[in-house]
Structure formats: structure tokens, C-alpha cells
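Here are a few short exercises to work through with the structure open beside you. Try each task before reading its solution.

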Amino acid sequence: MPFQGLFKWLLGFFRGRKTFSLGIYGNVNTGKSTLANRISMDWTGEAMSKVSEIPHETREVIKKERVSIRVDGKELTINLLDMPGIATKVDYHEFVDYGMSKDDAQQRAKEATKGVIEAIKWLEHVDIALVVMDACLDPYTQVNITILGNLEARNIPVIIVANKIDKKSAKPERIRAAFPQHHVVEVSALKGDNVNKLYEEIVKRAR
Ligand SMILES: Nc1nc2c(ncn2[C@@H]2O[C@H](COP(=O)(O)OP(=O)(O)O)[C@@H](O)[C@H]2O)c(=O)[nH]1
Ligand SMILES: [Mg+2]
């Protein structure tokens, strides 16, 4: 819709500031939707996404537009984009193991695969990317390396979010060691630990 795009641009222009699209990327179940809800709750008082233990709960891009965040007197307006999880393999049997019927599981697998494509397509609209990783798991995965490679190739500013640091088995230092070229913020999206540091980093990158 070109007119809608033009309208938004004009609106931003007359308000004198740009709206940044913040894309939340990462493997499935790393806590992207939990983080999206945390950011959305903190600044708008409303949640935006459904959270689940079953992988691929988020199968299309979920948007929360014009969220204003304020850090150290600086205000930034962002469109929050909670992306479907990126996976290298989507197998419907996995959903059957979670107790879904075969039909539902196959439907979910089909939608999850479309979701992966959708998340990659949306890269062209993203101004800043959060790459969420589960700090309890090995970060050296094909998914993490592929996501970071795509973002680097497009020169999209990246902040790595080492999530779930509230868990005993969390080893965020493994993430720092794996991707020394990027800034890593350690958080618990669930408990809210350190999210203020994340807001500071987001504002720093929005230029
Ligand atoms: N302990 C802990 N669990 C989390 C955290 N963030 C998310 N989770 C859990 O991880 C699972 C997947 O979360 P979700 O936000 O749906 O992940 P997504 O697939 O990346 O969107 C859910 O059971 C969440 O409750 C966290 O910071 N700490
Ligand atoms: Mg999700």
C-alpha cells in the first residue's frame, strides 16, 4: 500500500522524527515473544504476542506500531516486530510429541515454514535487529550464524540478547565468546532483569 507508506512517512516527517522498525529475530523458543511482550508492556501497558513452550507458536510477523521509549531524556519511536522463529528443520512429528493431532501438527509445520520465509523477507524493513539466544544452549548453531550473516550483509545494526539468565544453567559468556563482533546484552525477558540496559543499547543504535 504505497499511500499508507507515504502517509506514515509524512506523519513521521512532520513530527520531526523517524520511526525505527525493531525486528526481534532468533531460533524458536529463545524467548522472542516474551521479550516483545516485556518491551510492549513496559512502554504501552499492553502485551502483544502469545508465548508457548511448543515451538513455532509465532508463525507470522506480529507488529506493535509506534511504541515510544524514553532513555536519558531521549525519546525514540519504534515499530516492534516479533518474528516467527527461524529454524533449519521443521518436522511435524515434533508437534505430535507435544500432544497435537497429526492434522494440526502438519498444519502448524506448514505455517511454521512459511513463517521462516516471512521473517527473512521482513529483513528489508528492519532498521535495528535484536537477535535473541537462549543463554542455556550452545550458541554455535547454523540458525544463529545464518541470521547474523544476513543482518551483517545488509548492514543492519545488531544487538545480541542473551536471554533466560534467570536460569541456573545460563552461560551468557559462551555467547560473548561465539560472537565477539557484536554487543551482547544479558537479560531475563521473563523476569525483566537488565532490560533497561537493552533499552539504552537500542537508543544508541537508532541514528
Ligand atoms: N526462565 C525463563 N524462561 C523464559 C524466558 N523467556 C522466555 N522463556 C520461556 O521460553 C519459552 C518460549 O518463549 P517464547 O517467548 O514463546 O519464545 P519464542 O518462540 O522465541 O517467541 C516459554 O516457555 C517462555 O516462558 C526467560 O527469560 N527466562
Ligand atoms: Mg514467538
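The exercises below go from the whole chain to two helices and then to the ligand, and they all use a predicted model.

**Exercise 1. Work out how the protein chain is built and whether its size suits its length.**

Start by counting elements: the protein chain has 7 helices and 6 strands. Next, put them in sequence order, which gives α-β-α-β-β-α-α-β-α-β-α-β-α. Now check the size: the radius of gyration is 17 Å, close to the 17 Å that the globule rule gives for 207 residues, so the chain is as compact as a globular protein of that length. Along its principal axes, the C-alpha trace spans about 50 × 40 × 35 Å. Finally, look at the contacts with a separation of 6 or more: 69% of them join residues 24 or more positions apart.

**Exercise 2. Check the length of helix H4, then find out how its buried residues are arranged around the axis.**

Length comes first. H4 runs over residues 102–121, and at 1.5 Å a residue its 20 residues should span 28 Å; the end C-alpha atoms are 29 Å apart, which agrees. Then list what is buried: Ala 105, Arg 108, Ala 109, Ala 112, Gly 115, Val 116 and Ala 119. Seen down the axis of H4, these fall within an arc of 120°, so they line one face of the helix. The spacing makes sense, because an α-helix has 3.6 residues a turn and residues three or four places apart point the same way. Flip to the other side of H4 and you'll find Asp 103, Ile 117 and Lys 121 exposed. What covers the buried residues of H4 includes E1 and helix H3 (92–97).

**Exercise 3. Do the same for helix H5, and say which strands its buried residues pack against.**

The 12 residues of H5 (142–153) should span 16 Å, and the end C-alpha atoms are indeed 16 Å apart. Its buried residues are Val 143, Asn 144, Ile 147 and Leu 151. They cover an arc of only 100° around the axis, which puts them on the same side of H5. Their packing partners are strands E1 (19–26), E4 (128–134) and E5 (158–163). On the other side, Gln 142, Gly 149, Glu 152 and Ala 153 are exposed. Just after H5, Asn 155 takes a positive phi of about 55°.

**Exercise 4. Describe the shell around ligand 1.**

Of the 21 residues around ligand 1, Gly 31, Lys 32, Ser 33, Thr 34 and Leu 190 come nearest. By class, the shell has 4 nonpolar, 11 polar and 6 charged residues. Helix H2 (residues 32–44) gives the most to this shell, with 3 residues.

Terms used: Residues are numbered from 1 along each chain as its sequence is written. Chains are lettered from A and ligands numbered from 1 in the order in which they are written. This is a predicted model: local features need pLDDT of at least 70, side-chain atom pairs count only at pLDDT 80 or more; totals for chains, interfaces and linings use all residues. Helices (H or I, at least four residues) and strands (E, at least two) are DSSP runs, numbered from the N terminus. The expected span of a helix is 1.5 Å times one less than its number of residues. A residue is buried if 20 or more other C-beta atoms lie within 10 Å of its own, exposed if 12 or fewer, and partly exposed in between; C-beta atoms are placed from the backbone. The arc is that of the directions from the helix axis to the C-beta atoms. Two residues are in contact if their C-beta atoms, placed from the backbone, lie within 7 Å. A residue is near a molecule or strand if its C-beta atom, placed from the backbone, lies within 6 Å of it. Ala, Val, Leu, Ile, Met, Phe, Trp, Tyr, Cys and Pro count as nonpolar, Asp, Glu, Lys and Arg as charged, and the others, Gly among them, as polar. The radius of gyration is taken over C-alpha atoms; the globule rule is 2.2 Å times the number of residues to the power 0.38.
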